[in-house]
Amino acid sequence: MADTRIEAVVFDLDGVITDTARFHYAAWKQLAGQLGITIDEAFNERLKGVSRMDSLEEILREGGQQDRFSLEEKEQLASEKNEQYCRLLTQLTPEDVLPGIPEFIASIKAAGIPVGLASVSRNAGTVLESLQLGPVFDYIADAALIRNSKPDPEIFLTACAGLGADPRYSIGVEDAPAGIQAINASGMFAVGVGKQLPGADYLVQSTDQLCWEEIRDCFFQTLLP
Ligand code: B16
Ligand code: MG
């Protein structure tokens, strides 16, 4: 079957290309602990794909502290978390690209399909540089210009527009519930990586199970009348 009607494949970063989610979690857990708020991994699932300030709001709400801080103080707290996150990011090397991702991207590119990135992380550039993956992406949506984080489709629509692709003929790859919702809202075909991702059109448990030929065929089947 021809690939010509698939116009782009757009990837989430944290949790799909590399496991920076564990660094976000460690940095938020430390900050939450300083505020007397306990968060666990189940709670952290809700923060995946959610912007820095929205994540802080969720944590404060979890601890019943949503009215404790001024906007300026919240910005200071978010910046403390980011400093800790950036310290952890210095550990990242090209070995931290998740299994199967280089081969999966190579298959897509070999089919002549452009590849984009839709991460709401303002540290995406640093992460890609540490992984030595920046040049692989034909277009990287700029998180700093995005007004609505996932589950809003804005970042995926921006990536499709940057690649000149019609979202209806494009595929998004995500590991987080908010990200799958964003892909669904964009009209793209949603590939989920992980468990409990209702709304995914195609689901694998881990990145090493991503097979381009299978996903391509599944995408074309959904187009059939
Ligand atoms: P930063 P993604 C998201 O990246 C993360 O999943 C989320 O946990 C984080 O809060 C958000 O980026 C903002 O990141 O603080 O680095 O700007 O999943 O969209 O690649
Ligand atoms: Mg993610």
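Biologist: Which pocket does ligand 1 sit in?

Modeller: The largest pocket holds ligand 1. Keep in mind that this is a predicted model.

Biologist: How many residues surround ligand 1, and which are the closest?

Modeller: Begin with the shell. Here 18 residues surround ligand 1. The closest are Val50, Ser119, Ser121, Asn123 and Lys150.

Biologist: Where does ligand 1 lie relative to domain 1 and domain 2?

Modeller: Look at who supplies the shell. Domain 1 (8-19 + 94-222) and domain 2 (21-89) both contribute residues, so ligand 1 lies between them.

Biologist: Which helices each supply at least two residues of that shell?

Modeller: Helix H3 (52-62) and helix H4 (71-89) each do so.

Biologist: How do the shell residues divide into nonpolar, polar and charged?

Modeller: Sort the shell by residue class. Five residues are nonpolar, six are polar and seven are charged.

Biologist: Which side chain has an N or O atom 2.6 Å from an oxygen atom of ligand 1?

Modeller: A polar contact is a pair of N or O atoms within 3.5 Å. Ser121 makes the 2.6 Å approach through its side chain. Asn123 places a polar side-chain atom 2.7 Å from a ligand 1 oxygen. For Lys150, a side-chain N or O atom is 2.7 Å from an oxygen atom of ligand 1.

Biologist: What share of the area of ligand 1 does the protein bury?

Modeller: Take the ligand alone, then add the protein. Alone, ligand 1 exposes 470 Å². The protein buries 97% of that.

Biologist: Back to Lys150. Is the peptide bond from Lys150 to Pro151 cis or trans?

Modeller: Read omega. For this bond omega is near 20°, and the bond is cis. Pro151 is in the loop between strand S3 (139-140) and helix H7 (154-163).

Biologist: Is phi of Gln132 positive or negative?

Modeller: Check the sign, then the residue type. Phi of Gln132 is positive, near 55°, and the residue is not glycine.

Biologist: Where is Gln132 placed?

Modeller: Gln132 is in the loop between helix H6 (124-131) and S3.

Notes. Residues are numbered from 1 along each chain as its sequence is written. Chains are lettered from A and ligands numbered from 1 in the order in which they are written. This is a predicted model: local features need pLDDT of at least 70, side-chain atom pairs count only at pLDDT 80 or more; totals for chains, interfaces and linings use all residues. Side-chain values use heavy atoms; hydrogens and water are left out. A residue is near a molecule or strand if one of its heavy atoms lies within 4 Å of it. A polar contact is a pair of N or O atoms within 3.5 Å; within protein, one must be able to donate a hydrogen and the other to accept it, and residues adjacent in sequence count only if both atoms are side-chain atoms. Accessible areas come from the Shrake-Rupley method with a 1.4 Å probe; for residues, only the protein chains shown count as cover. On a 1 Å grid over the protein atoms alone, a cavity is a set of points where a 1.4 Å probe fits but cannot get out, and a pocket is an open set with protein on both sides within 12 Å along at least five of seven lines; lining residues have an atom within 4 Å of a point. A molecule sits in a cavity or pocket if more than half of its atoms lie within 2 Å of its grid points. Helices (H or I, at least four residues) and strands (E, at least two) are DSSP runs, numbered from the N terminus. Ala, Val, Leu, Ile, Met, Phe, Trp, Tyr, Cys and Pro count as nonpolar, Asp, Glu, Lys and Arg as charged, and the others, Gly among them, as polar. Domain bounds come from an automatic or database domain assignment.
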